[in-house]
Amino acid sequence: MTTHADEGAAPNADTGSAAVMTSAQRTRLILSGAIDLQLSAEFLEAVLECEERALPLDVDLRNVTFMDSSGIATLSRLVSADSPVLPVRLIKPPDVVRFLLDVTGLADQVTTLNSDPGFPSPGRGEPA
């Protein structure tokens, strides 16, 4: 699933998007561009898809250019105590996201990875 904040708008680097990749062992949520109120419905849809799968989750944040309070609130849903996607790992969050994670205390509830751990192919085991 790939969604864009405004399908009719001319594409630009800051248009936010959310995509979900799946395997038998993990789910990956890929966020890019501006993660803001304009993307909130699409971001929530992607989060619900991740929750439905109920597998450990990697959130790829390396291409996020901006995140507002609506984005961090949606992200916090994934790391709540009753979340079905635990554990959550964040891949390469940029400084703007790291700041929000620190300020909100979410940094203590996730594992932050400075490199991509890879993603298991269908029918293959998880990378070591």
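**Figure 1. Ala54 in the loop between helix 1 and strand 4.** In this predicted model, Ala54 counts as partly exposed because its relative accessibility is 42%. Phi of Ala54 is positive, near 55°, in a residue other than glycine. Ala54 follows helix 1, and the loop that holds Ala54 leads on to strand 4.

**Figure 2. Helix 1, residues 40–53.** The helix has 14 residues. From its first C-alpha to its last it reaches 20 Å, close to the 20 Å expected at 1.5 Å a residue. Glu42, Phe43, Ala46, Val47, Cys50 and Glu51 are the buried residues shown in helix 1. An α-helix has 3.6 residues a turn, so residues three or four places apart point the same way. Within the buried set of helix 1, Phe43, Ala46, Val47 and Cys50 can be picked out in this view. Cys50 is also one of the residues that Thr27 touches.

**Figure 3. Surroundings of Thr27 in strand 3.** Strand 3 covers residues 27–35 and includes Thr27. Thr27 counts as buried because its relative accessibility is 0%. The side chains of Thr27 and Arg53 are joined by a polar contact of 3.3 Å. Beyond four places in sequence, Thr27 touches Val20, Met21 and Thr22, as well as Cys50, Arg53, Leu55, Pro56, Leu57, Asp58 and Phe119.

**Figure 4. Surroundings of Asp58 in strand 4.** Asp58 has a relative accessible area of 0% and is therefore buried. Its contacts, with neighbours within four places in sequence left aside, include Arg26, Thr27, Arg28 and Leu29. Arg89, Ile91 and Pro117 are also in contact with Asp58. The contact between Asp58 and Thr27 links this view to the previous one.

**Figure 5. Strand 4, helix 2 and strand 5 as a right-handed β-α-β unit.** Strand 4 (residues 57–67) and strand 5 (residues 88–91) pair in the parallel sense. Four bridges make up this pairing, and Val59 has Leu90 of strand 5 as its bridge partner. Helix 2 spans residues 69–78. Ser70, Gly71, Ile72, Thr74, Leu75 and Leu78 are the buried residues of helix 2. They pack against both strands of the unit, strand 4 and strand 5, and also against strand 3, helix 1 and helix 3.

**Figure 6. The cis peptide bond between Leu86 and Pro87.** Omega of this bond is about 0°. Pro87 lies in the loop between helix 2 and strand 5. Strand 5 itself covers residues 88–91.

**Figure 7. Strand 5 paired with strand 6.** Strand 6 (residues 111–113) runs parallel to strand 5, and three bridges join the two. Leu90 stands opposite Thr112 of strand 6. The chain crosses from strand 5 to strand 6 through helix 3 (residues 95–104), and this β-α-β crossover is right-handed. Leu90 is also the bridge partner of Val59.

**Figure 8. Lys92 in the loop between strand 5 and helix 3.** Phi of Lys92 is positive, near 50°, in a residue other than glycine. Lys92 counts as partly exposed because its relative accessibility is 34%.

**Figure 9. Chain overview and confidence of the predicted model.** The chain has three helices and six strands, which run β-β-β-α-β-α-β-α-β from the N terminus on. Of the 128 residues, 43% are buried. Among contacts between residues at least 6 apart in sequence, 66% join residues at least 24 apart. The average pLDDT of the chain is 87, and 84% of the residues score at least 70. Over residues 1–12 pLDDT stays under 50, and the model has 24 contacts beyond four places in sequence for this stretch. Residues 124–128 also have pLDDT under 50 throughout, with ten contacts beyond four places in sequence. Where pLDDT is low, the predicted coordinates should not be read in detail.

Definitions and conventions
Residues numbered from 1 in each chain as written. Predicted model: local features only at pLDDT ≥ 70, side-chain atom pairs only at ≥ 80, totals over all residues. Heavy atoms only, no water. Pairing = 2+ DSSP bridges. Right-handed = clockwise from strand over helix to strand, strands pointing away. Buried < 20%, exposed > 50% of the residue type's maximum accessible area, 1.4 Å probe, protein only. Polar contact = N/O pair within 3.5 Å; in protein donor to acceptor, adjacent residues only side chain to side chain. Contact = heavy atoms within 4.5 Å. Expected span 1.5 Å × (residues − 1). pLDDT = per-residue confidence, 0-100.
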